[in-house]
Amino acid sequence: MLKHFILLCASFLYIITSEASTFEIKELDSGVYVHNGLHEDISEDYHGDICNLSFIVGNKGIAVIDTGGSYHTGARFLEAIRQVSTLPILYVINTHVHPDHIFGNKAFTKENPIFVGHYLLPDSMELRKESYLRSNKEWLGDDFNGSEIVKPGLTVKTTLELDLGDRTLTLTAYPTAHSNTDLTVVDSKTNTLFTGDLLFVDRTPSIDGDIKGWISVIDEMSNGTFKQVVPGHGPTQTNYQQAIKNEKNYLTTLLKDIRASIKKGETMESTMDTAAESEKGKWLLFEIVNRRNVNNIYHSLEWE
Ligand SMILES: [Zn+2]
């Protein structure tokens with residue numbers, strides 16, 4: 001239930017205050033809005049609101065980019081969108097399969113949007129469905145009530161354009177990088193790139209795909225000239241080349257250190273303690289995410 005709605009025009013900051021807590025949305029640029037999630041780990045202490053959620057308002061309707069980690073977060077996001085515009089929600093785009101980005105989808109089904117994602121997203125959602133439902137229920141408890149997997153009805157294999165009237169969104173699907181279902185969005189009107197989790201700012205990049213594939217995708221991304229870049233996690237960047245460089249440093253250091261450990265015959269356990277140590281102190285949640293990354297990619301690098 002909404003109690004207050006405050007609009008501060010000067011700072012383009014919308015604060016939606018509900019009984020539970022505030023849900024903040026910023027207008028980044030003309031018709032482009034972002035909610036920045038919190039930097040919590042996705043296990044204990046997780047509340048289903050850790051990634052960036054965006055929406056873009058065209059004169060024909062709205063496109064939503066990612067919906068949060070639960071029905072509850074998705075519903076609060078929808079409530080916030082409705083304070084800005086009553087236009088129809090035409091598209092709900094998921095940037096990839098991870099639970100913090102997709103479990104709010106269910107809150108949007110009553111708006112009848114077209115759900116859009118990478119061409120591998122429906123299968124990937126199906127494969128992970130049971131374990132995602134189980135683990136997220138465990139982490140979120142009652143806050144996860146009402147959450148369901150909602151798969152895309154429209155998928156992207158290479159690129160796809162979505163028409164919002166006075167602006168067009170260009171969606172691009174990538175080979176395996178951060179995940180096997182990465183998708184980016186560019187808004188033509190403001191030249192804003194939404195990277196999903198292909199770009200992490202401040203928070204340690206987490207790998208659930210192919211580290212070498214990810215490095216080549218961000219190299220490609222650094223050739224673009226965007227006015228601003230909205231990462232999957234962390235603040236919006238105007239100087240995004242530096243953010244890409246930081247992420248590339250982390251990924252290349254991790255890759256180099258794991259390869260060196262394998263060459264020396266060190267076990268995965270001991271590699272977890274040492275790999276990418278020089279990057280420690282530069283990133284949030286480093287200990288937990290970095291160890292998990294070694295765990296996820298060590299074995300695939302053993303067979304290079
Ligand atoms: Zn992710």
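A helix axis here is a line fitted to the C-alpha atoms over the stretch in contact, and angles run from 0 to 180 degrees between N-to-C directions. With that in hand, let's walk through this model, which is a predicted one.

We can start with helix α5 and its partners. Helix α5 packs against helix α7 (residues 286–302) at an angle of about 55 degrees, and the two axes are 10 Å apart. The two helices, α5 and α7, are therefore oblique to each other. In passing α7, α5 makes a right-handed crossing. On the α5 side, the contact uses L254, I258, R259 and I262, while α7 brings N293, V294, I297, Y298, L301 and E302. Sorted by class, the residues where α5 meets α7 come to 7 nonpolar, 1 polar and 2 charged.

Now look at another partner of α5. Helix α4 (residues 211–221) and helix α5 (residues 240–263) have axes that come within 10 Å and cross at roughly 155 degrees. Because of that angle, α4 is roughly antiparallel to α5. The crossing of α4 past α5 is left-handed. From α4, the residues I211, W214, I215, I218 and M221 take part, and they meet I244, E247, K248, L251, T252, L254 and L255 in α5. The contact of α4 with α5 has 9 nonpolar, 1 polar and 2 charged residues. If you are tracing side chains, try L254: this residue appears in the contact of α5 with α4, and L254 is also listed where α5 meets α7.

Not every part of α5 is buried. K245 is found in this helix, and K245 counts as partly exposed because it has 13 C-beta neighbours inside 10 Å. To get a sense of distance, compare K245 with Q83: their C-alpha atoms are 37 Å apart in space, and 162 residues separate the two in sequence.

A loop residue also joins the picture around α5. A276 sits in the loop between α6 (268–274) and α7. Is A276 buried or exposed? It counts as buried, because it has 24 C-beta neighbours inside 10 Å. Leaving aside neighbours within four places in sequence, A276 is in contact with Y250, T253, L254, D257 and N290. So L254 turns up once more, as one of the contacts of A276. A276 and V64, by contrast, have C-alpha atoms separated by 35 Å, and they are 212 residues apart along the chain.

V64 brings us to the core. In soluble globular proteins, nonpolar side chains tend to be buried together. The largest nonpolar core of this model has 77 residues, and the members that touch the most others are F55, I62, A63, V64 and I93. Helix α5 supplies the largest share of this core, 7 residues. Which residues does I93 touch, once those up to four places away in sequence are set aside? They are A63, V64, I65, V116, G117, L171 and V185.

Following the chain on from I93 leads to N94, in the loop between β7 (89–93) and α2 (99–102). N94 is buried, because 26 other C-beta atoms lie within 10 Å. Apart from neighbours within four places in sequence, N94 is in contact with D66, H101, I102, G117, L121 and P152. The C-alpha atoms of N94 and S188 are separated by 19 Å, with their positions 94 residues apart along the chain.

D66, one of those contacts of N94, deserves a look at its backbone. D66 lies in the loop between β6 (62–65) and α1 (71–84). It has a positive phi of about 70 degrees, although it is not a glycine. D66 counts as buried, because it has 30 C-beta neighbours inside 10 Å.

D202 also has a positive phi, near 75 degrees, and is a residue other than glycine. Its place is in the loop between β13 (192–200) and α4. D202 is partly exposed, because 15 other C-beta atoms lie within 10 Å.

A last stop is L133, in helix α3 (residues 121–140). With 16 other C-beta atoms within 10 Å, L133 is partly exposed. L133 and I149 are 16 residues apart in sequence, and their C-alpha atoms are 8.4 Å apart in space.

Methods
Residues are numbered from 1 along each chain as its sequence is written. This is a predicted model: local features need pLDDT of at least 70, side-chain atom pairs count only at pLDDT 80 or more; totals for chains, interfaces and linings use all residues. Helices (H or I, at least four residues) and strands (E, at least two) are DSSP runs, numbered from the N terminus. Angles under 35 degrees count as roughly parallel, over 145 as roughly antiparallel, 65 to 115 as roughly perpendicular and the rest as oblique. A crossing is left-handed if the near helix is turned anticlockwise from the far one by less than a right angle, and right-handed if clockwise. Two residues are in contact if their C-beta atoms, placed from the backbone, lie within 7 Å. Ala, Val, Leu, Ile, Met, Phe, Trp, Tyr, Cys and Pro count as nonpolar, Asp, Glu, Lys and Arg as charged, and the others, Gly among them, as polar. A nonpolar core is a set of buried Ala, Val, Leu, Ile, Met, Phe, Trp, Tyr and Cys residues joined through C-beta atoms within 7 Å. A residue is buried if 20 or more other C-beta atoms lie within 10 Å of its own, exposed if 12 or fewer, and partly exposed in between; C-beta atoms are placed from the backbone.
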